[in-house]
Amino acid sequence: MALFAVVPATAFAEAAPQPAMGDAFSWVFLLGFAAIFYFMLWRPQAKRQKEHKNLIEGLAKNDEVVTAGGMLGKVTKVTEEFAVIEVADGVQFPVQKVAVTAVLPKGTIKEVKA
């Protein structure tokens, strides 16, 4: 009695070598993901940091500014790390220069107080 094994045709297809296209697609996908990460996350953040650095370096006396805490005032003195801000007549306080988030157009304080 002879025993013959019946082997399905799909068993031979699974053993066939895979084409290299899968590896190329993986690299393209990885490079595409890196490009998206660069253009949507890293580059805009670096641009914001550069703009904020220029803003801090350009602080001068009589600039009207807003701090990170939302305080609105006029710069009366600038040192290397701190700026003294006047928020009302005779009310001044020092803040770190990095806490300044925006320099406002001249006259903004008068508009807000009115």
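**Reading the terms in a predicted model**

Guide: A search of the whole structure finds one salt bridge, the term standing for a side-chain nitrogen of Lys or Arg within 4 Å of a carboxyl oxygen of Asp or Glu. This is a predicted model, in which local features need pLDDT of at least 70 and side-chain atom pairs count only at pLDDT 80 or more, whereas totals for chains, interfaces and linings use all residues. Residues are numbered from 1 along each chain as its sequence is written, and side-chain values use heavy atoms, with hydrogens and water left out.

Visitor: What makes the meeting of K106 and D63 a salt bridge?

Guide: The N to O distance between the side chains of K106 and D63 is 3.6 Å, and the limit is 4 Å, so the pair qualifies. K106 sits in the loop between β5 (100-104) and α3 (108-113), while D63 sits in the loop between α2 and β1 (64-67), 43 residues apart; helices (H or I, at least four residues) and strands (E, at least two) are DSSP runs, numbered from the N terminus.

Visitor: Why is D63 called buried, and why is K106 called exposed?

Guide: Buried means under 20% relative accessible area, exposed over 50%, and partly exposed in between, with a 1.4 Å probe and protein chains only. D63 has 14% relative accessibility and therefore counts as buried, whereas K106, with a relative accessible area of 58%, is exposed.

Visitor: How do you know which class N62 belongs to?

Guide: N62 has a relative accessible area of 41%, so this residue is partly exposed. N62 lies in the loop between α2 and β1, and its phi is near 75 degrees, a positive value in a residue other than glycine.

Visitor: Why are β3 and β4 said to pair?

Guide: Two strands pair if DSSP finds at least two bridges between them; six bridges join β3 (residues 82-88) to β4 (residues 91-96), so these antiparallel strands satisfy the criterion. One of the residues involved is I85, whose bridge partner in β4 is F93. The two strands form a hairpin with two residues between them, and G90 in the turn has a positive phi of about 80 degrees.

Visitor: What makes a set of residues that includes V65 and I85 a nonpolar core?

Guide: The term requires buried Ala, Val, Leu, Ile, Met, Phe, Trp, Tyr and Cys residues joined through side-chain atoms within 4.5 Å. The largest such core has seven residues, L59, V65, V75, A83, I85, V95 and V100.
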